[in-house]
Amino acid sequence: MTEVNNPQAASNVAIYSVYTDLELMRDIAKTCVRCDLARTRTQVVFGEGPYLPPGEIGVMLLGEAPGEDEDKQGRPFVGRSGKLLNTLLEEAGLKRDTIWVTNTNKCRPVLIDGKSVKNRAPTPPEQKACEIWWQNEIELLKPQIVVCLGATAAKKILENKNFMITKDRGKWFPGPKNTEVLVTFHPSYVMRQQGQALVEIKETVVGDFREVISRLAALRAGTAPLHPWQKPANPPDGDDGQLAMF
Ligand code: SF4
């Protein structure tokens, strides 16, 4: 059985922050025992995408946690919801192999009842234990935009327990380390819709991805309008607040 909360393992995690190498962080994360999910996982599912210098990956997708297929294969979003995610990304024109895809928890949370093993949401302590990994994925990759898939990831990254996906989806929020955050529906939730509701929610998610593409292009061109939180509180006379961001 995996030894959980091993102090030596914990210190191995702590030292990684002195490195700036994503592969090294991934390799250390793969032995992580910071929370009880280590007892039931098959393997750690670290983020996936091109290993590029900081700032070159514009977009990071942040989901909740691996499911059964991800746990087996060791890769994020490879099951049915991952296939739907790929379809929606493709329809929007966002190539998955150009972005970083990860989760707020890197191990599959499960409910075990006899022979039945079901997915569940990660608990707050499990989320807290795992935040070191996604925070440092952002630190090392420096994406301009983080797209949260679903409310669980959004509440965590925005530190907003009152976040409501029905009200706040598709809006921009200030994220950690100067990122801009947009939240859309999790593909697992999309899959649960039927009929016209399914058609509409797919269109909504594709529209959100298109908004992300458009914003990233504007950020890279230096033409992105400022969000309200980026505007100076009291612009000097004659300044309309539309200063260059960077
Ligand atoms: S869920 Fe995160 S913190 Fe918990 S054991 Fe897995 S990698 Fe470590």
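Trainee: Which helix gives the most residues to the shell around the ligand?

Mentor: In this predicted model, 14 residues surround the ligand. The elements that give two or more residues to that shell are helix 3 (37–40) and helix 6 (124–141). The one that gives the most, with 3 residues, is helix 6.

Trainee: Which residues of the shell are the closest to the ligand?

Mentor: By class, the shell holds 10 nonpolar, 1 polar and 3 charged residues. Cysteine is counted among the nonpolar residues and arginine among the charged ones. The closest residues to the ligand are Cys 32, Arg 34, Cys 35, Cys 107 and Cys 130.

Trainee: What is the mean pLDDT of the protein?

Mentor: A pLDDT of 70 or more is reached by 87% of the residues. Over residues 6–19, however, the pLDDT is below 50, and this stretch has 16 contacts in the model beyond near neighbours in sequence. For the protein, the mean pLDDT is 90.

Trainee: What is the order of the strands in the open sheet?

Mentor: The protein has 10 helices and 7 strands, and 5 strands form an open sheet with mixed pairing. Its edge strands, each pairing on one side only, are strand 2 (100–103) and strand 6 (172–174). From one strand to the next, the twist averages 30 degrees. The order of the strands is 2-1-5-7-6.

Trainee: In strand 7, which residue is the bridge partner of Cys 148?

Mentor: Strand 5 (residues 145–149) and strand 7 (residues 180–184) run parallel and are joined by 5 bridges. In strand 7, the bridge partner of Cys 148 is Val 183.

Trainee: What angle does the direction of helix 10 make with that of strand 7?

Mentor: Two helices that pack on the sheet may be taken in turn. Helix 7 (residues 151–158) touches strand 1 (59–63), strand 5, strand 6 and strand 7, and its direction makes about 135 degrees with that of strand 5. Helix 10 (residues 195–221) touches strand 1, strand 5 and strand 7. The direction of helix 10 makes an angle with that of strand 7 of about 165 degrees.

Trainee: Which residue takes a positive phi in the hairpin of strand 3 and strand 4?

Mentor: Strand 3 (residues 110–113) and strand 4 (residues 116–119) run antiparallel, with 4 bridges joining them. Ile 112 stands opposite Val 117 in strand 4. The hairpin has 2 residues between the strands, and the residue with a positive phi, near 65 degrees, is Gly 114.

Trainee: Is Glu 139 exposed or partly exposed?

Mentor: Glu 139 lies in helix 6. Its C-alpha is 7.1 Å from that of Lys 177, although the two are 38 residues apart in sequence. A residue is buried with 20 or more other C-beta atoms within 10 Å, and exposed with 12 or fewer. Because Glu 139 has 15 C-beta neighbours inside 10 Å, it counts as partly exposed.

Trainee: Is Asn 162 buried or exposed?

Mentor: Asn 162 lies in the loop between helix 7 and helix 8 (165–168). Asn 162 and Ala 151 are 11 residues apart in sequence, and their C-alpha atoms are 9.8 Å apart in space. Because Asn 162 has 8 other C-beta atoms within 10 Å, it is exposed.

Trainee: What percentage of the residues in the protein is buried?

Mentor: Among contacts with a separation of 6 or more, 69% are between residues 24 or more positions apart. Of the 246 residues in the protein, the buried ones make up 37%.

Conventions: Residues are numbered from 1 along each chain as its sequence is written. This is a predicted model: local features need pLDDT of at least 70, side-chain atom pairs count only at pLDDT 80 or more; totals for chains, interfaces and linings use all residues. pLDDT is the predictor's confidence in each residue, from 0 to 100. Two residues are in contact if their C-beta atoms, placed from the backbone, lie within 7 Å. A residue is near a molecule or strand if its C-beta atom, placed from the backbone, lies within 6 Å of it. Two strands pair if DSSP finds at least two bridges between them. Axes are lines fitted to C-alpha atoms, for helices over the stretch in contact, and angles run from 0 to 180 degrees between N-to-C directions.
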